[in-house]
Amino acid sequence: MNKSQHFKLIVIGGGAAGIFAAWSAASHGLKTLLIEKNKDLGRKLLISGSGKCNITHTGSVEELLKGFPKREANFLKHSFYRFSNFDVLKLLYLYGMKTYTREDGKIFPVTNKSSDVLNVFKKILADYEVKVLLNTNVQEIKSESDYKFIIKTNDNYFESEFIIIATGGLSYPHTGSTGDGYLFAKKLGHTIVDTKAALAPIDVSPRFPDTWKGIAIRNGSLSCYLNNKKLIEENGDVLFTHRGLSGPAILELSRYAAEYFVKGDLYLYYDLFPSKLYEEVDDELKNNFYRNPNMKIENELKIYLPNRIIGYFLNKAGVDEKKRCNQINKNERKRIVELLKRLPLGKIEFIDLKRGEVTAGGVSLSEIYPKTMESKKIKGLYFCGEVLDIAGRIGGYNLQAAYSTGYVAGESVANQVKSRLLK
Ligand SMILES: Cc1cc2nc3c(=O)[nH]c(=O)nc-3n(C[C@H](O)[C@H](O)[C@H](O)COP(=O)(O)OP(=O)(O)OC[C@H]3O[C@@H](n4cnc5c(N)ncnc54)[C@H](O)[C@@H]3O)c2cc1C
């Protein structure tokens with residue numbers, strides 16, 4: 001083990017938040033060390049957006065903040081204004097990266113390659129002379145006094161006046177985010193809000209047939225019920241997987257379902273006609289049956305349902321799939337409409353934190369100054385990114401939170417160093 005080395009600032013964790021914190025501090029003139037336990041930076045960034053990287057979301061800061069629950073949005077407000085989606089895109093553009101915006105507001109690199117985004121981030125760190133230490137696992141952080149930290153890694157000791165913890169959450173642990181930051185924070189006296197899955201697939205029972213894997217039901221509305229009471233509703237598609245359900249509506253709903261999971265049995269239902277009343281759907285079917293009297297009901301339903309699930313659907317409705325439209329009686333039609341408006345998707349069995357795209361919960365926001373990201377408990381200690389109790393919607397919001405809080409943390413440390421030098 002070498003003699004301990006001293007740095008003004010050490011950033012722990014080389015994901016999006018740590019990269020932006022280190023760059024921001026360095027761009028304000030601070031010599032900065034960035035420590036990452038993996039053999040390279042940004043492993044989670046590489047798998048983001050299915051390898052395409054949904055860099056951020058379009059719109060004003062106020063619109064961006066709508067991607068987070070109110071309490072988290074209030075906390076993020078300052079950092080989003082200080083370093084916005086526009087600022088990230090400007091930085092990427094200065095480094096030659098072109099981006100495009102999809103109709104749904106998601107922004108991607110034109111090359112559709114997350115590795116291109118990561119390469120730009122690495123180039124920025126190199127240009128600003130951030131010292132990057134890879135393959136280095138921080139094992140312990142000790143606060144000796146205000147502005148004095150000792151960091152123990154797998155093979156060394158470091159001393160610093162400022163520390164930024166950017167170790168991410170607990171999801172997709174093979175990327176390096178194994179919750180170390182929560183342990184460090186707790187030992188340093190911080191409260192950790194219970195961690196739960198967010199943007200996660202949901203396992204249900206009874207299991208759907210394996211042959212349904214890859215089928216999607218679209219443009220409907222997903223509801224979650226506890227004791228016959230509707231808890232939450234999310235619009236969007238649902239995808240059948242080999243273990244249960246995924247797709248945008250499931251992912252968005254998972255965070256709230258994970259919260260209520262301990263309170264009782266949760267059941268999911270899908271409304272295939274969210275903008276129509278029961279009577280309107282019934283009228284539509286009546287008209288269709290009248291226009292196509294000799295069409296088999298299984299073919300008639302193809303306009304509403306994927307082929308492979310129609311047999312199951314009619315079985316559930318107690319209707320013989322070989323019947324023709326003019327043979328369907330009023331009660332049978334009623335049961336079909338009821339299912340179209342409230343298709344049961346099963347009981348929630350498991351929402352796996354590790355399979356969530358983000359971790360809800362983390363370092364309590366009430367113990368962090370939102371304008372600087374500094375700890376209210378220990379001077380010189382900062383947090384940014386997913387290690388904080390923040391989890392946004394799908395659409396580039398989570399990376400934006402990482403860049404913005406990272407930027408503000410780095411800038412605030414640089415400002416503090418300057419003001420301490422002036423004293
Ligand atoms: C499959 C998937 C797809 C996603 N797609 C998108 C998307 O397209 N757009 C979007 O906005 N968000 C997306 N997200 C969410 C987004 O990637 C994260 O919210 C964001 O990367 C969090 O950044 P972070 O820097 O806070 O944490 P992380 O990216 O998790 O980085 C933390 C880093 O700290 C390192 N570390 C941890 N402990 C230690 C230690 N003890 N010592 C040293 N280093 C340590 C880790 O190795 C890791 O590199 C996706 C997430 C997943 C899992």
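This is a short chat about a predicted model, its two domains and its ligand.

Q: How is the chain divided?
A: Into two parts, domain 1 and domain 2. Domain 1 takes residues 5-197 plus 357-422. Domain 2 takes residues 201-351.

Q: How many Å apart are the C-alpha centres of the two domains?
A: The centres of domain 1 and domain 2 lie 40 Å apart.

Q: And how many residues are in contact between them?
A: Nine from domain 1 and 10 from domain 2.

Q: What area is buried between domain 1 and domain 2?
A: About 770 Å². Carbon and sulfur atoms give 52% of that area.

Q: Which residues of domain 1 lose the most area to domain 2?
A: Ala197, Arg393 and Ile394. Together they make up 57% of what the domain 1 side buries.

Q: How many salt bridges are there between the domains?
A: Three are counted between domain 1 and domain 2.

Q: Arginine 393 again: which residue forms a salt bridge with it?
A: Glutamate 252 does. The closest N and O atoms of that pair are 3.8 Å apart.

Q: How many residue pairs are in polar contact across the two domains?
A: Four, counting pairs with both residues at pLDDT 80 or more.

Q: What classes of residue are on the side of domain 1 that touches domain 2?
A: Five are nonpolar and four are charged. No polar residues are on that side.

Q: Switching to the ligand. How many residues surround it?
A: The ligand has 35 residues around it. The closest are Glu36, Ser177, Asp180, Glu386 and Leu399.

Q: What is the distance from glutamate 36 to the ligand?
A: An N or O atom in the side chain of glutamate 36 is 2.6 Å from a ligand oxygen.

Q: Where does the backbone come in, say at alanine 17?
A: A polar backbone atom of alanine 17 is 2.9 Å from an oxygen atom of the ligand. Lysine 37 also has a polar backbone atom to note, 3.2 Å from a nitrogen atom of the ligand.

Q: So is the ligand covered or accessible?
A: Covered, for the most part. On its own, the ligand has 1,000 Å² of accessible area, and the protein covers 96% of it.

Note on methods: Residues are numbered from 1 along each chain as its sequence is written. This is a predicted model: local features need pLDDT of at least 70, side-chain atom pairs count only at pLDDT 80 or more; totals for chains, interfaces and linings use all residues. Side-chain values use heavy atoms; hydrogens and water are left out. Domain bounds come from an automatic or database domain assignment. Contact means heavy atoms within 4.5 Å. Buried area is the accessible area (1.4 Å probe) that two parts lose on being put together, summed over both. A salt bridge is a side-chain nitrogen of Lys or Arg within 4 Å of a carboxyl oxygen of Asp or Glu. A polar contact is a pair of N or O atoms within 3.5 Å; within protein, one must be able to donate a hydrogen and the other to accept it, and residues adjacent in sequence count only if both atoms are side-chain atoms. Ala, Val, Leu, Ile, Met, Phe, Trp, Tyr, Cys and Pro count as nonpolar, Asp, Glu, Lys and Arg as charged, and the others, Gly among them, as polar. A residue is near a molecule or strand if one of its heavy atoms lies within 4 Å of it. Accessible areas come from the Shrake-Rupley method with a 1.4 Å probe; for residues, only the protein chains shown count as cover.
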